Amino acid sequence: VKKLEMAKSSADDVELRRACETAMEGSKVVLSIRVAKSRGVWGKSNKIGKGQMAKPRVLAISTKEKGPQTKAFLHVLKYSNGGVLEPAKLYKLKHLSKVEVLTNDPSGCTFMLGFDNLRSQSVAPPQWTMRNIDDRNRLLLYILNLCKDVLGRLPKVVGIDVVEMALWAKENTPVVSKKRSTQDGPATDVAADSDMKVTVEKELVSQAEEEDMEALLGVYVMGIGEAEAFSERLKRELHALEAANVHAILESEPLVDEVLQGLEAAASCVDDMDEWLGIFNVKLRHMREDIESIETRNNQLEMQSVNNKALIEELDKLLERLRIPSEYATCLTGGSFDEARMLQNIEACEWLTGALSGLEPPTLDPSFAKIRAVREKRTELEKLKTTFVRRASEFLRNYFASLVDFMISDKSYFSQRGQLKRPDHADLRFKCRTYARLLQHLKSLDKNCLGPLRKAYCSSLNLLLRREAREFANELRASTKASRNPTVWLEGSTGSNQNVNNADTSTVSEAYAKMLTIFIPLLVDESSFFSHFMCFGVSALAPPGSPANGNKSNDDDLGIMDIDDNDENDNKSISELGALNESLRDLLDGIQEDFYAVVDWAYKIDPLRCISMHGITERYISGQKADAAGYVRLLLDALEERITAQFTRFVDEACHQIERNERNVRQMGVLSYIPRFATLATRMEQYIQGQSRDLVDQAYIKFIGVMFATLDKIAQTDPKYADIILLENYAAFQNSLYDLANVVPTLAKFYHQASESYEQACTRHISVIIYYQFERLFQFARRIEDLMYTITPEEIPFQLGLSKMDLRKVVKSSLSGVDKHIGAMYKKLQKNLTSEELLPSLWDKCKKEFLDKYDSFAQLVAKIYSSETIPSVTEMREILAAM
C-alpha cells in the first residue's frame, strides 16, 4: 500500500518538475512536491484549518554549481489566476537553521522551516502541510542530505522521531545503501532508488553502526512500542555503564603512579637541558657581539681608506685649479697689446675667466670655498684681473683717440672743394675688430670697465662723424646750382615773379636726399657696430630691405656677429637698452646741426621743397626699426620737425600776404591771390613724395580758410557790390582749381564749398536786379501772399490797395514797355561785372528767376482776379528769349 502511495506522489510528477523549471527560467530542479501553506506561531498549538486558509503551493529544490562549490536553493511557487506556476519565494539552504514538525497535527504532516537570515524574526515562518507522511519524510530527508553533503552541517531537528525516519528510509529503499550516523546520534536511512527519484551520495552511518543498531533494535524490539518504558531502560543501562567506567579508572591507579614518576623524571631532565641551553645562549651572544665589533672596525678602516683616496684625488684637482701658469701671469700683468700679441692676451683672459669661475660655487664645492688656500688664491686672481682690466682699458682709450686723430689730421679723407667724398669707415672698423674679443672678455671680467671705454669711443668717433658731416654738407651746398625762388607767393602785386616761380629747384631736394642717403646708413651702421663692439645685449641690426640698409657692409656685421657668439644667451633688458641709447646720444649728438643747415639752405632757395624733403625723411623714418638705430630715429624725427616748422613758417607768411589784401582801398574783380593759389597748389602737388600728403593738405586747409575769410572781409567793405565780388572770386576759384579738385579730395571739399557760396551770391545779386526794375509788381504779389494766410481769396480784392483798379495800375506801370525794363535789367547786370565770361550764365539765371516769379504772380492773379487779364507767361518767355 505504501509503495502504491509513493508511486502516486507529486514528487514523481515529471510534468510538475518541468513546469517548475519553466517558472524558474531554466534552473535545474532536483525535487518538486505539492504542499499546503498556512500560518502559525513557534511553540503554540494551533489546529489545522481553524482561523486560517490553507493555500496550495509547490516546493522545489534546485542546485547550482559555482566552481568547486555547490549552492542549494528552496523555491516556493504559487498558482496564478490561469493556473500557471510562478515564483513566490526563494530561500538559500545554507541559511536553514531549524526544522520543526508540529506536534499539534496528529497526522505529523505539518512542519516549519526556520532560516537565520530573515529580516524580521518576530514574524512566524509559514507552516507547510504534506499530503502524507511519505511525502513529508521524502522532502525533509532530501533537505537534510543536501545540508550534510553540500553545506557540511545539519540544521536543528525538532519533533521528528529519527528512528522512525531511519526505518522509513530503509523500508522505502529497494537496494540497501550504506549508512552513516548523523550529528544528533540516531541513524537515518538516506538511500534512494531511481523509482523514488531520491538520491543520496554519501552515507549517514557506517556499516558497523548499522549492524549494532539492528542488534539493539532486535534486543528491544518488544519495547519499541512503549516509548517511555524504552527510554527508562536506556537511562538505567547508561548509569550502569558509567559506574563500570569509574570502577575501571580506580583499578588503574598503580599504572597512573608509574606514569607520574616517569613524567617527573622527564621534567627534571628538561630543566637541566633548559639551564644548559641558557649558558650556551649567553656564550653565543657574547661571540656575536665580538664579531659585530670586529666587522664595525673593519668597515670603518675600509671607509677611511676610500675617503682618504677620494680626498687625495680632490686635493690634486684643487691644486691644479690653484696653479697659475707663469706665461699667463706674465701676459696679464705686463704683456703688450700689439696686434701680434692679442692671441696670447685672449688665451690669458679665457684662462683667468675659467679660473675665477672655477673657484666659485657651484663649480667649486661650497666646503672648499672656505679653505684658506682657496681664499688666498681667489684674492691673487682678483688682483690679476684688476691689473689686466686697468691696463687694457687704458690702452683701448688711447687707441680709440689715436685712430680718430690720425684720420682727422688727413684732409684728403674729407670732402673738399669740387669733390664730394663718401665717408669710409672700413679701415677703422677693421682695426677696432682686432680688439672686439678683448672687449668681450673685459665685460665678463668686470662690467663696470665698459662705461669709461664706451664714453671714450663715443667722444672720439663723434668728432670724426661731425667733421665728415660738416665738410660734406658744406661742399654739397656749394656744388648745387639752383635759382632762388621768391618767398612772396600770394602777394597782391603783379610783376615778373610768376615766371621766376617756374624755375627748376629739384636739385635742392636731391641734395638733401643725397645727404640722407650717404649719412643715415652710415649712422645706422655705426650704431649697429657700436652696439656689437661694445657688448650691448640688444638687437643691433636694422630690418633687411629698409632704405637705411642699402649701403650696409655685410663683412663688418659678420665679424661683429662672430664676436657675439659667446653672448648669445644674454637677455635684452630695459637697463641695457637705456644704456645703449645714452651712449648713442654721445656718439651722434651734434651731427643734426649739419642736417639742419641743409634744410635751412633748401628752404631759402625754394620753400616748397620742404614738401619733398618731408616725404624723403618720412621714408627713412619708416625704415628704421632696430634698437641700435634708436638715436638715428630721433635724428630723423628732429629733421622732420625742422622741415615741418620751416614749411609752417612759409604757410604763415603766405597767409599774411593774403590778409594784406583786405587793407587795400576798394577792390573789384578777381583778387590776385585766387589764381596765384592755383599756381601754388599745382606746384605743391608736384613736390609731394611719400607721406607728405598730410602736410600739404593741412597747408591747403589753412590757405583756403584765410582766402575765404579775407574775401568775405573785402566784400563787406562795400555792401552794394559785395555779391558781385563774391560770385566773381568764387567762380574764379572754381575755374582755376577744377582740374586739381578732381584728384585732390581736400581741394574737392573746398571746391564744393566755393560752388555753394557762388550760387548763394548769384541768387542774392539777381534778386536785387529783378526787384530794382519790377519792385511794384512783385511787392503787390507779396502783399497778396501774406493776406492769404488770414483771409479767403474772395475777400482779397476788397482790401485796401489790392483792388482790381490797383492791380491794373501796377500792371500798367510795370509791364507797359516791358522790353525796356528787361533791357535795363541786363544793363544793370552787365554794368558792375568785370568778368565778361560770367555774364551769359548770370543772364540765363536772371531770366529764369524772373520767369519763376512772374509765373507765381500770374497764378495769384488767375486765382483772385479771374476777370482781369495780364500778359501770359508764354508771352513773357518769348519777350525774354528775344532779348
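A residue is called buried when its relative accessible area is under 20%, exposed when over 50%, and partly exposed in between. The legends below describe close-up views of a predicted model.

**Figure 1. Overview of the predicted protein, with its 28 helices and 10 strands.** The protein has 883 residues, and buried residues make up 43% of them. Its accessible surface comes to about 48,300 Å², and carbon and sulfur atoms account for 53% of this area. Among contacts with a separation of 6 or more, 71% are between residues 24 or more positions apart. Over the whole structure, 17 salt bridges are found. Several of these pairs are shown in the views that follow.

**Figure 2. A salt bridge between D427 and K431 in helix 11.** The two side chains meet at 3.4 Å, N to O. Helix 11 spans residues 426-433, and because D427 and K431 are 4 residues apart within this helix, about one helical turn separates them. D427 has a relative accessibility of 47% and therefore counts as partly exposed. K431 is also in the partly exposed class, because its relative accessibility is 27%, a value that is not under the 20% required for a buried residue.

**Figure 3. A salt bridge between R18 and E15 in helix 2.** The distance from N to O in this pair is 3.5 Å. Helix 2 runs over residues 14-23 and holds both partners, which are 3 residues apart, or about one turn of the helix. E15 has a relative accessibility of 52%, so this residue counts as exposed. Side chains of opposite charge can pair when their charged atoms come close.

**Figure 4. A salt bridge between R808 and E868.** The side chains of R808 and E868 meet at 2.7 Å, N to O. This pair links distant parts of the chain, with the two positions 60 residues apart. R808 belongs to helix 25 (residues 804-815), while E868 lies in the loop between helix 27 (839-864) and helix 28 (873-882). The partners fall into separate accessibility classes: R808 is partly exposed at 41%, whereas E868 is buried at 15%. Elsewhere, E685, R693 and D697 are joined into one network by salt bridges that share partners.

**Figure 5. Surroundings of I870 in the loop between helix 27 and helix 28.** Leaving aside residues up to four places away in sequence, I870 touches V811, Y854, F857, A858 and V861. L807 lies 63 residues from I870 along the chain, and the C-alpha atoms of these residues are separated by 9.7 Å. The loop that holds I870 also holds E868, the salt-bridge partner shown in Figure 4.

**Figure 6. Surroundings of D723 in helix 23.** Helix 23 covers residues 722-741. D723 has a relative accessible area of 16% and is therefore buried. When residues up to four places away in sequence are not counted, D723 touches A761, R764 and H765.

**Figure 7. A patch of negative charge on the surface and a nonpolar surface patch.** D271, D272, D274 and E275 gather in the patch of negative charge. One of these residues, D272, is found in helix 7, which spans residues 253-322. D272 counts as partly exposed, because its relative accessibility is 36%. The nonpolar patch, of about 540 Å², is made by M273, W276, L277, I279 and F280. Of these nonpolar residues, W276 is placed in helix 7.

**Figure 8. A positive surface patch formed by lysine residues.** The members of this patch are K64, K66, K71, K92 and K94. One of them, K66, lies in strand 2 (residues 55-66). The relative accessible area of K66 is 52%, so this residue is exposed.

**Figure 9. L420 in the loop between helix 10 and helix 11.** Helix 10 spans residues 372-409. L420 is partly exposed, because its relative accessibility is 29%. L420 and N474 are 54 residues apart in sequence, and their C-alpha atoms are 9.6 Å apart in space. Helix 11, at one end of this loop, is the helix that holds the D427 and K431 pair of Figure 2.

Terms used. Residues are numbered from 1 along each chain as its sequence is written. This is a predicted model: local features need pLDDT of at least 70, side-chain atom pairs count only at pLDDT 80 or more; totals for chains, interfaces and linings use all residues. Side-chain values use heavy atoms; hydrogens and water are left out. A salt bridge is a side-chain nitrogen of Lys or Arg within 4 Å of a carboxyl oxygen of Asp or Glu. Buried means under 20% relative accessible area, exposed over 50%, partly exposed in between (1.4 Å probe, protein chains only). Contact means heavy atoms within 4.5 Å. Patches are made of residues with over 30% relative accessible area and no salt bridge: like charges are joined within 9 Å, nonpolar side chains (Val, Leu, Ile, Met, Phe, Trp, Tyr) within 5 Å. Accessible areas come from the Shrake-Rupley method with a 1.4 Å probe; for residues, only the protein chains shown count as cover. Lys and Arg count as positive and Asp and Glu as negative; His and the chain ends are not counted. The place of a charge is taken as NZ of Lys, CZ of Arg, CG of Asp or CD of Glu.
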